[in-house]
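User: Please take a close look at one part of this model and walk me through it in plain language. I'd like cut-offs spelled out for any term you lean on.

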Amino acid sequence: MAASAGHLRPGRYLALFALIVIVLYALVFLTGNHKPTPKLGIDLQGGTRVTLTARTPDGGQPTRESLNQARQIIERRVNGIGVSGTEVLLDGNNVVITVPGEQGDQAKNLGKTAKLGFRKVVSNATQPVVPPQPNTPPPATGTPTSGAPTTPTSGAPTGTPPTAGGGGGAAAAPQQNTTPAPPSSSTPPPPASTPAPAPSDGSVDAKTAQEIQAAKAVRQNPQLIGADGQPNQELVAQAMASLTCAPNAKDPLEGNDDPKLPLVACGDNDTYKYLLEPEFLPGTEIADSTSGYDQQRGQWVVNLSFKSEGTKTWADFTSKNTGQQAAFVLDTQVVSAPNIQVAILDGNTQITGKFTQTEAKDLSDILKYGSLPLSFASSDATTVSATLGLASLQAGLIAGGIGLLVVFVYCLFYYRLLGVLTILSLALSFSLVYAVLVLLGRWIGYTLDLAGVAGLIIAIGITADSFVIYFERLKDEIREGRTFRSAVPRGWVRARRTILASDAVSFLAAAILYVIAVGDVQGFAFTLGMSTVLDLVVVYLVTHPLVAMVSTSKNAFLSNPRHLGLGAVQQVGSQRKKATSVGRANVKEA
């Protein structure tokens, strides 16, 4: 049997709700160093979203482990930008980078593999397609440095002469140590290949995989360098002829070369082609990387320092190869190929390559945070201006305000004072939703986007539907001849089953949509499911206790059924009760 409204103790329910609200807003205002506002997506505040599609050399699916490792490295690179609110997420086989605000242009370059390695130069040849600039010497000038530069140099990518201190010794004059590989007349070179774009599912298509393997077979042929260390002129000529060095040319081997094999690669500015020995020092041995402006050279440079093992390897190599060239190879392209004039024992080295300030900083950050285990293609890049984001936010708020206004007008017209309770319950429900959104943004990085706003607007209808179910059940009880006070507990017992079933269906639909959907649709499902759960909290702890308080009130205005929108049904109930009484009297007389 249902408990009477007087035994409900609505004050306890309202006090519990008030405690929940106080705790939530204490967490909002007293924890964290952030503003008490939800974290907004780029479609509401402006920013850049870049989707990177993973590629593997064999065309297969990338492993989850490699994707997670790539995500962590990219996340460190993103954090290096210094913009708060950035996030890096896995979406299937894609990595999605989101940078809010107007500083997201750098995010478009964060998918560079940054596979750095150090190789010894065997020979180089001038690129015939892109002629060198006037007065540009061969790329063998300059040296890696162990300290600050002493004399400026010009021309192709170079290292920096070492200083007299720091283990570098005195700088020698720049030297040239090149052996151009002449083209072969006996064997025609294979045609250059251009890789096809990677498909959106994160795998490399068959054509691109074939081009990668074909490029490896020619440009990483183990027989390019003989056992005596001398180049095979015929194979080298074929490899160099197959390689197109141009500003917009895409290298199939980018980030996919084998460090254990020789390599034919383009030089910086696409002016030279190099034959390189297998890698003798991997980029993973870099301990730190910074960018700076070389006053003597008048150019931006990248300064490297090695770990202990890398320092030993680099010192040993520079000691044994004085007068030779060492190539700094980044993503299968020679960034700098300086002459080694003295041994560098302290592990401090400098990369020069005619960088701009931004390019030097980007390269420094990429080298500092590590190379990616996969190569990536930028399959999508979206930039939303802050103005457009503000307009979208305003449109979402206006849509939500109109929805609330329509619900308010309907409730006031149809339920009158009960409609006022509905409005109050909706306002308290919004206070819960707002606090939870702020905290979720801080704790799990949840961002509210336009799809999420749509979910919140639809949730207004779900919350109002719970009130309608309850109030209509009250009408049914009153039609049966019960008073408003006695109808409240009975109507609640019957209504809550329907409310639970309705909200359970809505939550289940939102949960399934969240699991099977991706991207913005997940934001819609998340806010819809969250609002559905909070709807139950408000109905149980606020709406029902308030209705029970009104039903037991001794205030004639509050307890008057006409003011509650129940006047018509009360008349029906009274007539039905009177008819029932007359029928019973007739039965007794008979």
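**Helix 9 and its surroundings**

Analyst: Helix 1 and helix 9 make a left-handed crossing (left-handed is when the near helix is turned anticlockwise from the far one by less than a right angle, right-handed when it is turned clockwise). Before going on: this is a predicted model, where local features need pLDDT of at least 70 and side-chain atom pairs count only at pLDDT 80 or more, while totals for chains, interfaces and linings use all residues. Residues are numbered from 1 along each chain as its sequence is written, and side-chain values use heavy atoms, with hydrogens and water left out.

Back to the packing. Two packed helices are described by the angle between their axes and the distance between the axes. For helix 1 (residues 10-30) and helix 9, the axes come within 10 Å and cross at roughly 35° (axes are lines fitted to C-alpha atoms, for helices over the stretch in contact, with angles from 0 to 180 degrees between N-to-C directions). The elements themselves are DSSP runs numbered from the N terminus: helices are H or I with at least four residues, strands E with at least two.

Who touches whom here? On the helix 1 side you'll find Phe17, Ile20, Val21, Leu24, Tyr25, Leu27 and Val28, and they meet Leu428, Ser431, Leu432, Tyr434, Ala435, Val436, Val438, Leu439, Arg442 and Trp443 in helix 9 (contact being heavy atoms within 4.5 Å). By type, that contact holds 15 nonpolar residues, one polar and one charged (Ala, Val, Leu, Ile, Met, Phe, Trp, Tyr, Cys and Pro are nonpolar; Asp, Glu, Lys and Arg charged; the others, Gly among them, polar).

Helix 9 (residues 417-443) also packs on helix 12 (residues 520-551), at about 140° and with the axes 9 Å apart. The two are therefore oblique to each other (under 35 degrees is roughly parallel, over 145 roughly antiparallel, 65 to 115 roughly perpendicular, the rest oblique). This time the crossing of helix 9 and helix 12 is right-handed. Among the helix 9 residues in this contact are Leu418, Leu421, Leu424, Leu428, Leu432 and Val436, and the helix 12 residues include Phe526, Met530, Leu534, Val537, Leu546 and Val550. The tally for the contact of helix 9 with helix 12 is 18 nonpolar, four polar and no charged.

Leu428 shows up against helix 1 and also against helix 12. The same goes for Leu432, which is in the helix 1 contact and in the helix 12 contact.

Now the lead-in to helix 9. Arg416 sits in the loop between helix 8 (386-415) and helix 9, and its phi is near 55°, positive in a residue other than glycine. As background, most residues other than glycine have a negative phi. Arg416 is partly exposed, at 45% relative accessible area (under 20% is buried, over 50% exposed, in between partly exposed, using a 1.4 Å probe and protein chains only). Cys411, by contrast, is buried at 4%.

One more buried spot, away from helix 9: Glu477 in helix 10 (residues 450-479) has 1% relative accessibility. Leaving out residues up to four places away in sequence, Glu477 touches Arg482, Ala487, Arg490, Gly491 and Arg494.
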